[in-house]
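Notebook open, coffee poured. I went through this model one item at a time and jotted down what I looked up.

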Amino acid sequence: MILHGYYRSTAAWRVRIALNLKGLKAEHRFHHLRRGEHQAADYTRLNPQGLLPALELDEAGAVLTQSLAICEYLDETQPDPPLLPREPLARARVRAFAQAIACDIHPVQNLKVLNRLGALGLDGDARNGWARDVIADGLAACEILVASGNGAFCFGEGPGLADLCLVPQLYNAKRFGVDLSAMPRLQLVEAACAELPAFQAAAPERQADAE
Ligand SMILES: N[C@@H](CCC(=O)N[C@@H](CS)C(=O)NCC(=O)O)C(=O)O
């Protein structure tokens, strides 16, 4: 498999964690986001959205896009250890948490949105303030979604889809200066994930293209 990513792409980071949790190897190809390499024709042929990540499978010509779809594909083809619980209600709760981040927080603070805000006249401070506010609002809701849990991870005693979305999003939260003090449960989960080699090896600073 070939994973197309960038060290600081939080969506690619989710897939790196999933691959590591499953013990799956992939070749890594890097596309520099700030230099716009994800918009080059040889990449948009793979992902017409021009977004990272994309996963080229060993099956000739098969390419997967969208990090959550990729993680669920990996979970279905390599079920052990599971990224989702088996029971439907519990599965729906984990997916809801993951989507709260991947569908409702991350896209609003994504590079192309910040660039567009810049083009509309917002200066750097205002753009960063935008990102900080949307991440803070979204993560405050995430804290409530997992507040009643008492496992080490978002939903129980093992890491899964929710955790692999949370950790990269917390990294972005810190980058943009979000105050996490009112989110103790999210911070505990982050600390538990940080103990695991699968999360450690997926961290941006451990990637070959890290700057
Ligand atoms: N929903 C997509 C989001 C992918 C995405 O937005 N990736 C970012 C990097 S984290 C990207 O490629 N951004 C390029 C841009 O904003 O121009 C997924 O989960 O895969």
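**Entry 1: the loop before α3.** I started at Gln66, which sits in the loop between β4 (63–65) and α3. This is a predicted model, so I take the backbone angles as computed values. Phi of Gln66 is near 70°, positive although the residue is not glycine. I flagged it because most residues other than glycine have a negative phi, and most peptide bonds are trans.

**Entry 2: cis peptides.** Next I went through the peptide bonds. Leu52 and Pro53 are joined by a cis bond with omega of about 10°. Pro53 lies in the loop between α2 (41–44) and β3 (54–56). I noted another one at Asp80 to Pro81, also cis, with omega near -10°. Pro81 belongs to the loop between α3 and α4 (88–102).

**Entry 3: records and domains.** I pulled the UniProt annotations, which come from an unreviewed entry. One of them, "domain: GST N-terminal", covers residues 1–82. I get 34% helix and 17% strand over that stretch, with its end C-alpha atoms 20 Å apart. The annotation "domain: GST C-terminal" covers residues 87–211. Here the chain is 63% helix and 0% strand, and the end C-alpha atoms are 42 Å apart.

The domain assignment gives domain 1 as 2–80 and domain 2 as 88–198. I found their centres, taken over C-alpha atoms, separated by 20 Å. Domain 1 puts twelve residues into the contact and domain 2 puts in 13. On the domain 1 side, α1 and α3 are the elements that give two or more residues. Which of them gives the most to that side? My note says α1, with eight residues. By class, the domain 1 side has eight nonpolar, three polar and one charged residue.

**Entry 4: α1 against α3.** I then looked at how these helices pack. Helix α1 (residues 10–22) and helix α3 (residues 67–77) meet at an angle of about 10°, and their axes are 9 Å apart. Angles under 35 degrees count as roughly parallel, so α1 and α3 are roughly parallel to each other. From α1 I listed Ala11, Arg14, Val15, Ala18, Leu19 and Lys22, and from α3 the partners are Ser67, Ile70, Cys71 and Leu74. I sorted this contact into seven nonpolar, one polar and two charged residues.

**Entry 5: α7 against α8.** For helix α7 (residues 161–175) and helix α8 (residues 184–194), the axes come within 10 Å and cross at roughly 105°. How do α7 and α8 lie, parallel or perpendicular? The 65 to 115 range counts as roughly perpendicular, so that is what I wrote down for α7 and α8. Asp163, Leu166, Val167 and Leu170 of α7 meet Leu186, Val189, Glu190 and Cys193 of α8. I count six nonpolar, no polar and two charged residues in the contact of α7 with α8.

**Entry 6: around the ligand.** Last stop was the ligand. Which residues come nearest to the ligand? Of the 15 around it, they are Ser9, Leu51, Ser67, Leu111 and Lys112. The elements that supply two or more residues to this shell are α1, α3 and α5 (111–119). I split the shell into eight nonpolar, six polar and one charged residue. Both domains take part in the shell, with at least three residues drawn from each of domain 1 and domain 2. Ser67 turns up twice in my notes: in the α1 contact of α3 and among the residues nearest the ligand.

Conventions
Residues numbered from 1 in each chain as written. Predicted model: local features only at pLDDT ≥ 70, side-chain atom pairs only at ≥ 80, totals over all residues. Axes fitted to C-alpha atoms, helices over the stretch in contact; angles between N-to-C directions. Helix = DSSP H or I, 4+ residues; strand = E, 2+ residues; numbered from the N terminus. Parallel < 35°, antiparallel > 145°, perpendicular 65-115°, else oblique. Contact = placed C-beta atoms within 7 Å. Nonpolar A, V, L, I, M, F, W, Y, C, P; charged D, E, K, R; others polar. UniProt positions renumbered as here; feature names shortened; annotations may be inferred. Domains from an automatic or database assignment. Near = placed C-beta within 6 Å.
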